[in-house]
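This briefing goes with the sequence and structure shown below. It starts with overall form and then turns to the interior, one helix and one loop residue.

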Amino acid sequence: MAISRRGFLVQSALAGGTLAAAPALWAAPHKARPGAASPPIDAEIVWLDGAAPTLHEGLTWGVPWPRGTKKARARFGLRDAGGGALPMQSWTTATWPDGSIKWTAHAIPAGAGGNAPLIVGPGRPAASAAPVSAAVQGDAIVVRNGAVTWRIGTRGAQIIRSALHGTRETLRNVRLVATAQDRPESEAAESVTRSRFESAIETAAIEQDGPVRAVIRVEGRHRGANRVDSTGGTPTASGAAAERRAWLPFSLRLYFHAGSESVRIVHSFIFDGDEQKDFLCGLGLTGDVPMADLPYDRHIRFAGSGDGIWAEAVQPLTGLRRNPGKDFTEAQVAGRKVPPVAEMAAPVREGLPYVPHWSDFTLAQANADGFTIAKRTKEGHGWIDADTGGRANGLGFVGGPAGGAAFGMGDFWQRPPVRLDIRDAATETAAFTLWYHAPDAVMDLRFYHDGMGMTDHVAENEGLDITYEDYERGWGTPHGIARTTEFTLWALAETPTRERFAAMAHFVARPPRLVPTPARLHAAGVFGDWSLPDRTTPAKSAIEEQNDFLLRFYREQVEQRRWYGFWNYGDVMHTYDADRHVWRYDIGGYAWDNSELSPDLWLWYSFLRSGDARVFRMAEAMTRHTGEVDVYHLGRFRGLGTRHAVQHWGDSSKQPRVSNAAYRRIYYYLTADERTGDLMRELLDGDRTLVHVDIGRKVNARRPGSAPPGGTGAVTADAPLPAGQIFLQFGTSWSTLVGAWLTEWERTGAKTWRDRIVAGMTSLAALPKQWFAGGARFDLASGRFIGPGDAVSVSHLNSVFGAVEINAELFDLLDVPAYEKAWLDYCVAYNAPPERFAALTGAKDRGGRNLKEGHSRLTAFAARHLGDPVLARRAWDEFFSGDAGLGLGVAARARRVDGPAVLKPVDEAPGVSTNATAQWGLAAIQNLALVGDVVEAAWSDRATNRKR
């Protein structure tokens with residue numbers, strides 16, 4: 001490993017124990033990623049699941065381009081495996097610092113691209129045979145897509161005012177609904193008052209108008225519709241207030257792809273209520289379906305598990321005492337129009353008035369393991385149990401040969417309690433509702449304990465010491481958290497066949513994806529330091545096998561431990577309790593992980609390398625969860641996230657390290673998901689929230705003689721700061737904010753954000769102790785650190801929340817030599833022996849430098865950039881040491897537990913925690929990319945020492 005001139009100067013400074021950054025005379029050239037081939041002209045795109053789906057309704061995906069290979073005005077075409085041109089819509093989502101294109105997004109029509117792999121490259125796309133268009137017409141937005149015309153509301157309650165298939169209206173009055181009550185029924189000493197709310201649109205805008213993809217964004221709040229009082233009495237003052245209330249802000253986008261009869265809706269709402277008196281008990285998307293067919297030609301469909309379909313008619317002709325004739329029964333079972341009633345067997349024709357009309361139908365998924373289907377003839381009459389099953393795919397249909405509507409929800413059984421309702425199917429207008437939180441389940445968001453006497457910071461620190469929970473009264477609030485749900489609606493000309501309905505259900509439950517190959521992603525040089533899997537040597541093979549095991553172990557834990565539910569799905573637990581054989585779901589800060597130590601990044605980098613669909617979907621669910629539920633989107637904590645806790649929002653440590661844009665950006669660029677883009681943009685001014693949220697407020701609050709509290713990674717200013725200043729930690733706060741600023745710079749090209757990043761870099765490097773200070777006062781207006789930064793304060797948390805990954809990208813994108821030296825100094829010194837650490841920093845080693853295994857990647861980063869083979873070897877020795885980490889051989893220590901020791905058979909690996917797993921996985925991936933060429937020597941010495 002040849003050492004560069006700059007590396008020589010940096011090492012010389014370190015050898016002398018000098019940390020003050022001398023002015024650099026030049027900037028290091030950007031280097032191609034190790035192992036990367038020549039910049040590719042084209043991009044190969046493949047199906048995530050390895051094969052084309054039976055059905056898709058249009059797709060969007062992202063493609064990265066190596067620096068300098070695509071000019072800003074480049075045009076892109078799409079070819080299938082046979083070389084044929086396909087329709088495609090393209091737009092730029094990020095640029096490199098030189099203005100060349102870094103990321104593009106591409107969309108194709110419904111059904112296109114089956115003959116993958118596809119090739120995106122220079123050229124012009126084919127014209128769409130039936131382009132989609134969107135335009136404002138009066139007080140509505142009209143989307144025309146082949147035979148279907150959609151009218152989108154710009155005010156009022158109706159998100160979709162109508163959908164016409166040809167001239168026939170098949171869908172109308174689609175709106176959001178919510179129900180809340182003033183107390184949980186289980187604790188009601190008096191009657192419960194329920195209030196109903198529905199969407200009230202405040203803004204609606206066209207974001208894309210075709211020809212392949214049209215996108216409409218709608219925002220608003222839920223407003224009081226009517227009040228339901230369980231006493232049946234006259235409206236009260238509180239009821240009238242509920243009718244006037246506007247709350248639960250929502251943001252949704254409607255996606256239309258050319259050639260599709262459907263619309264995909266990505267909907268997010270924010271809880272802005274008072275958890276002590278606002279108990280949500282129903283959140284849904286509802287709409288009306290005109291019913292033109294006769295009752296025996298009206299059909300109901302629910303998707304079960306796999307290809308299973310529950311299909312019945314509003315007025316059944318099968319199973320009667322009298323047989324209407326084979327043509328009638330076969331047509332009804334198939335969903336086709338039956339022959340004229342005059343041809344029906346006379347006894348049946350004459351007896352039809354006595355065959356019940358079934359009007360109301362419900363599929364309810366109360367938990368992840370079972371659903372029920374029930375029906376009734378009309379309101380006021382009893383429900384009849386129809387069937388049960390395991391995990392429903394989340395799709396329903398109501399309509400007939402003259403047309404109807406299908407309605408589906410993603411992650412249906414994973415997010416219980418959920419429900420599909422059909423009402424009034426026997427009348428002129430049926431109604432459907434997709435309940436993304438079922439109305440018969442009360443949502444209780446109150447804090448789970450009463451404080452247990454913790455009334456000051458001293459007591460709160462003592463509580464932290466025993467349960468790892470950072471409690472503070474009033475801070476464990478859900479006010480401002482959010483949830484995103486995906487819906488799909490179809491406006492259909494007729495009842496879909498069973499086969500098509502099953503394909504539609506699979507599309508809803510497991511949306512197909514197109515993605516670049518791992519090799520193509522790697523060749524583009526994006527997302528810092530990672531390499532493709534390599535199992536050609538014993539050491540590399542052992543590392544890859546353990547990473548695969550850990551990925552599989554966590555996927556299986558999600559299933560075995562049933563980490564499902566409305567607020568929970570997508571997260572994993574923090575630490576295991578081997579005595580109870582459960583994860584510590586009820587023990588303070590050991591419960592839900594909330595992104596602690598970057599499992600999000602571990603999953604995404606593992607996907608980038610492997611292209612594994614299972615890893616993608618687990619990472620996608622985590623991104624959806626942690627970016628919404630664990631982060632505040634309004635209120636006093638806006639822009640901050642919540643540390644790990646029993647309830648996702650329960651811990652009082654609110655920090656940028658959880659709201660971290662670095663955890664979202666990989667998903668955003670791979671999918672061009674606009675909602676994720678919104679979430680990152682929300683964080684741009686997150687530093688200003690820290691004016692009134694002091695992360696380190698409890699650090700010095702302890703009883704005389706007791707040890708300082710731990711767990712939050714907070715350092716703090718010694719005295720109150722002037723207006724416009726905050727104390728900002730380098731790793732857990734500033735680096736995470738840099739992730740948002742960097743992404744915004746890439747997305748918009750606005751130099752304001754680049755300049756803000758550079759201001760922080762140069763001012764940090766100018767501090768006496770630079771990164772070793774841990775944090776410093778920060779000027780909000782200029783984005784500069786203003787000191788003092790003259791004392792060493794090293795925390796094990798300062799580089800494990802995306803700081804390593806963000807710094808790798810900063811090194812690649814910006815030339816700030818003084819900062820580069822400061823970061824390399826830190827990387828060299830962090831895992832150095834105590835004497836060496838003291839010599840390098842000028843301060844006595846006071847501890848706090850744990851997570852040695854995970855921090856080996858800092859040593860590897862320095863080794864690579866300094867060209868230092870000694871550091872490279874040290875990095876692997878640190879990694880293989882297993883200190884404060886997992887070590888190798890985790891799979892051999894895993895075991896199955898069954899019988900009376902547990903509720904159900906489970907697998908456990910007692911030494912595995914999510915902290916250690918995430919950091920081991922990231923260190924493995926980055927070390928292999930940075931210093932993988934020397935791993936075998938360290939592995940061989942390790943094996944020799946074991947034999948001794």
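What radius of gyration would a compact globule of 948 residues have, and what does the protein have? The model is a predicted one. A compact globule with 948 residues would have a radius of gyration near 30 Å, and the protein agrees with this, at 30 Å.

**Overall form**

- The C-alpha trace spans about 105 × 70 × 60 Å along the principal axes of the protein.
- The secondary structure consists of 24 helices and 37 strands.
- Of the contacts between residues at least 6 apart in sequence, 70% join residues at least 24 apart.

**Surface and charge**

- About 34700 Å² of the protein is exposed, and 52% of this comes from carbon and sulfur atoms.
- Buried residues make up 60% of the 948 in the protein.
- The protein has 106 positive and 106 negative charges, and the mean positions of the two sets lie 3 Å apart.

**Nonpolar cores**

- In soluble globular proteins, nonpolar side chains tend to be buried together.
- The largest nonpolar core here holds 213 residues, and those touching the most other members are Trp-150, Ile-152, Ile-160, Leu-254, Phe-256, Leu-489 and Trp-734.
- Helix H23, residues 914–931, gives the most to this core, with 10 residues.
- A second core, separate from this one, has 17 residues, including Ala-43, Trp-65, Met-88 and Leu-514.
- Beyond its neighbours within four places in sequence, Ile-152 has contacts with Ala-140, Ile-141, Val-143, Ile-159, Ile-160, Ile-216, Val-218, Leu-254 and Phe-256.
- Of these partners, Ile-160, Leu-254 and Phe-256 are also listed with Ile-152 among the core residues that touch the most other members.

**Helix H13**

- Helix H13 covers residues 674–681, and 7 of its 8 residues are buried, so the rest of the structure largely encloses the helix.
- The buried residues of H13 are Glu-674, Arg-675, Thr-676, Gly-677, Asp-678, Leu-679 and Met-680.
- Charged residues are among them: Glu-674, Arg-675 and Asp-678 are buried in H13.

**Ser-782**

- Ser-782 sits in the loop that runs between strand S34 (775–779) and strand S35 (784–787).
- Its relative accessibility is 32%, so Ser-782 counts as partly exposed, a class that lies between the cut-offs of 20% for buried and 50% for exposed.
- With residues up to four places away in sequence not counted, Ser-782 touches Arg-756 and Ala-759.
- Arg-756 is 26 residues from Ser-782 in sequence, and the C-alpha atoms of the two are 7.1 Å apart.

Technical notes. Residues are numbered from 1 along each chain as its sequence is written. This is a predicted model: local features need pLDDT of at least 70, side-chain atom pairs count only at pLDDT 80 or more; totals for chains, interfaces and linings use all residues. Side-chain values use heavy atoms; hydrogens and water are left out. Helices (H or I, at least four residues) and strands (E, at least two) are DSSP runs, numbered from the N terminus. The radius of gyration is taken over C-alpha atoms; the globule rule is 2.2 Å times the number of residues to the power 0.38. Buried means under 20% relative accessible area, exposed over 50%, partly exposed in between (1.4 Å probe, protein chains only). Contact means heavy atoms within 4.5 Å. Accessible areas come from the Shrake-Rupley method with a 1.4 Å probe; for residues, only the protein chains shown count as cover. Lys and Arg count as positive and Asp and Glu as negative; His and the chain ends are not counted. The place of a charge is taken as NZ of Lys, CZ of Arg, CG of Asp or CD of Glu. A nonpolar core is a set of buried Ala, Val, Leu, Ile, Met, Phe, Trp, Tyr and Cys residues joined through side-chain atoms within 4.5 Å.
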